[in-house]
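This report walks through selected places in one protein chain, taking each with its surroundings. Please keep the sequence and the structure in view while reading.

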Amino acid sequence: MPSDAAPKARWTYFLERATAFDPSRVWSFATQIAKEQGKWAPRTFVDMLIWAAFHDTGYIDYYESDFALLSRKERKTFMTGLLQHHLADALNDPQDVLLFENKIAFNRLFALYLKREWIDLEEVDADQFRAFAERYPAIIAKVPVSREGKGVFRYVTADVDDWAQFRADLLDRGQRLIEEPIAQHPYLSDYCAGTVNTTRVSTFFDGESVHVLMAAQKFGRGAVSDQFTWGGFFTMLDDEGRSVGPGHTGKHKSRYDTHPDSGASITEFRVPLWGEVLTLIDEAARVVPTVPYVGWDVAVGPNGPVLIEGNWTPGLYETRVSATGIRTGSRARHQPAIVASRR
């Protein structure tokens, strides 16, 4: 089977991997796989090298997608980090992606779909900040450029005594984007009320149609974000917005048939107002046609979905057979983007 990545992308990747090749790191992955999955480490080590060199599969991809447990045919159904980054680089304009990287620029551009109030702290004084913040029991502060939920913070407004000092402290920490907290749909609150549980939908806009390439539901554990760095986990979704299996964190055997805190069923989960989610995504995906390959984060509120952000490198969400038993990945659904990247 020919590679789905362009020859230039594969060659560049090969040179980068060869330059950065660290046998001890690969061996550590191989021994970890041997320990967790009952495989022979030397054979796994060699297999990892072969799939890195000839099948666009990084060592972390090999480990996190449980390639040691999959046949060659099954492996070829999974997306990999190299292929995803190739699609992002080949399809998305390198200048226009900055509109997605900066959350303030994104909020301005996609204001119609946010459906919540926000301010740029550098554009208001302390009194204006206070007037905005005191309308809500809590506010969300964000670093404009950050990833994986690491630049997101939640503050209780009743705890603030000196708004001028608080504003200055936030600016010193780079937290200049202030947003109204999102109220989520009661169905989602039943899973985890303390965190906004978001839906990630990756799309490709071909100039006429918006193709849904992958969908996953993320669940939080009460923190300000549902990202893995905050203890979150996810389940893959089918074309109807329904869970296709148990949730997991991406780690070995991290299986969740039910939410570990609320007990709500993960395997029976279905995104509320799914049709409205798809409509919102279809409209948003057409706003910047020069960035056609995007991973969108959406929260479903009581009255409909709201857009949180768009990621021009959508994030690699795949099932893991040791956690879920599912042995098929999402590469087939990515074919519209893969074909377009070859042009």
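## Arg-320 and its surroundings

Arg-320 is found in the loop between strand 9, which covers residues 304–311, and helix 14. The model is a predicted one, and in it Arg-320 has a relative accessible area of 0%, so the residue counts as buried. Once neighbours within four places in sequence are left aside, the residues in contact with Arg-320 are Glu-36, Gln-37, Tyr-63, Glu-64, Asp-66, His-248, Gly-250, Lys-251, His-252, Gly-325 and Ile-326.

One of these contacts, Tyr-63, also takes part in an arrangement of charge and ring, since Arg-320 lies over the face of Tyr-63 at 4.5 Å from the ring centre. A second arrangement of this kind involves Arg-75, which lies over the face of Trp-51 at 4.8 Å from the ring centre. As for distance across the fold, the C-alpha atoms of Arg-320 and Gly-231 are separated by 17 Å, while the two residues are 89 residues apart along the chain.

## Ile-326, a contact of Arg-320

Ile-326 lies in the loop that runs between helix 14 (321–324) and helix 15 (335–341). Its relative accessibility is 22%, and it therefore counts as partly exposed. With neighbours within four places in sequence left aside, Ile-326 is in contact with Val-244, Gly-245, Thr-319, Arg-320 and Val-321. Between the C-alpha atoms of Ile-326 and Gln-165 there is a separation of 52 Å, and these residues are 161 residues apart along the chain.

## Two residues with a positive phi

Asp-66, which is among the contacts of Arg-320, is not a glycine, and yet it has a positive phi of about 55°. The residue has its place in the loop between helix 4 (59–64) and helix 5 (72–75). Is Asp-66 buried or exposed? At 0% relative accessibility, Asp-66 counts as buried.

Lys-115 likewise has a positive phi of about 55° although it is not a glycine. Its loop is the one between helix 9 (111–114) and strand 1 (118–120). With a relative accessibility of 55%, Lys-115 counts as exposed, whereas Asp-66 is buried.

## Trp-118 in strand 1

The strand that follows the loop of Lys-115 holds Trp-118, whose place is in strand 1. The relative accessible area of Trp-118 is 22%, and so the residue is partly exposed. Not counting residues up to four places away in sequence, Trp-118 touches Ile-104, Asn-107, Arg-108, Phe-132, Leu-177, Ile-178 and Glu-179. Trp-118 and Asp-89 are 29 residues apart in sequence, and from C-alpha to C-alpha they are 31 Å apart in space.

## Thr-44 in helix 3

Thr-44 is found in helix 3, which covers residues 41–54. Its relative accessible area is 5%, and Thr-44 is therefore buried. Leaving aside neighbours within four places in sequence, the contacts of Thr-44 are Ala-30, Ile-33, Lys-39 and Tyr-62.

## How helix 10 meets helix 11

Two packed helices are described by the angle between their axes and the distance between the axes. For helix 10 (residues 126–133) and helix 11 (residues 163–172), the axes come within 9 Å and cross at roughly 95°. Because angles of 65 to 115 degrees count as roughly perpendicular, helix 10 is roughly perpendicular to helix 11.

Which residues bring these helices together? From helix 10, Ala-126, Phe-129, Arg-130 and Ala-133 take part, and they meet Trp-163, Ala-164, Phe-166, Arg-167 and Leu-170 in helix 11. The residues of this contact divide into seven nonpolar, no polar and two charged.

## Aromatic pairs and a cluster

How many aromatic pairs are there when rings are paired if their centres lie within 6.5 Å? By this rule the count comes to 25 aromatic pairs. One of them is formed by Phe-100 and Phe-106, with 5.9 Å from centre to centre and 55° between the planes, and this pair is tilted. Phe-100 is buried, and so is Phe-106.

Aromatic residues also gather in a group, for Tyr-187, Tyr-191, Phe-219, Phe-233, Tyr-256 and Phe-269 form one aromatic cluster.

Terms used:
Residues are numbered from 1 along each chain as its sequence is written. This is a predicted model: local features need pLDDT of at least 70, side-chain atom pairs count only at pLDDT 80 or more; totals for chains, interfaces and linings use all residues. Side-chain values use heavy atoms; hydrogens and water are left out. Rings of Phe, Tyr and Trp (its six-membered ring) pair if their centres lie within 6.5 Å; planes under 30 degrees apart count as stacked, over 60 as edge-to-face and the rest as tilted. Buried means under 20% relative accessible area, exposed over 50%, partly exposed in between (1.4 Å probe, protein chains only). A charge sits over a ring if NZ of Lys or CZ of Arg is within 6 Å of the ring centre and within 35 degrees of the ring normal. Axes are lines fitted to C-alpha atoms, for helices over the stretch in contact, and angles run from 0 to 180 degrees between N-to-C directions. Helices (H or I, at least four residues) and strands (E, at least two) are DSSP runs, numbered from the N terminus. Angles under 35 degrees count as roughly parallel, over 145 as roughly antiparallel, 65 to 115 as roughly perpendicular and the rest as oblique. Contact means heavy atoms within 4.5 Å. Ala, Val, Leu, Ile, Met, Phe, Trp, Tyr, Cys and Pro count as nonpolar, Asp, Glu, Lys and Arg as charged, and the others, Gly among them, as polar.
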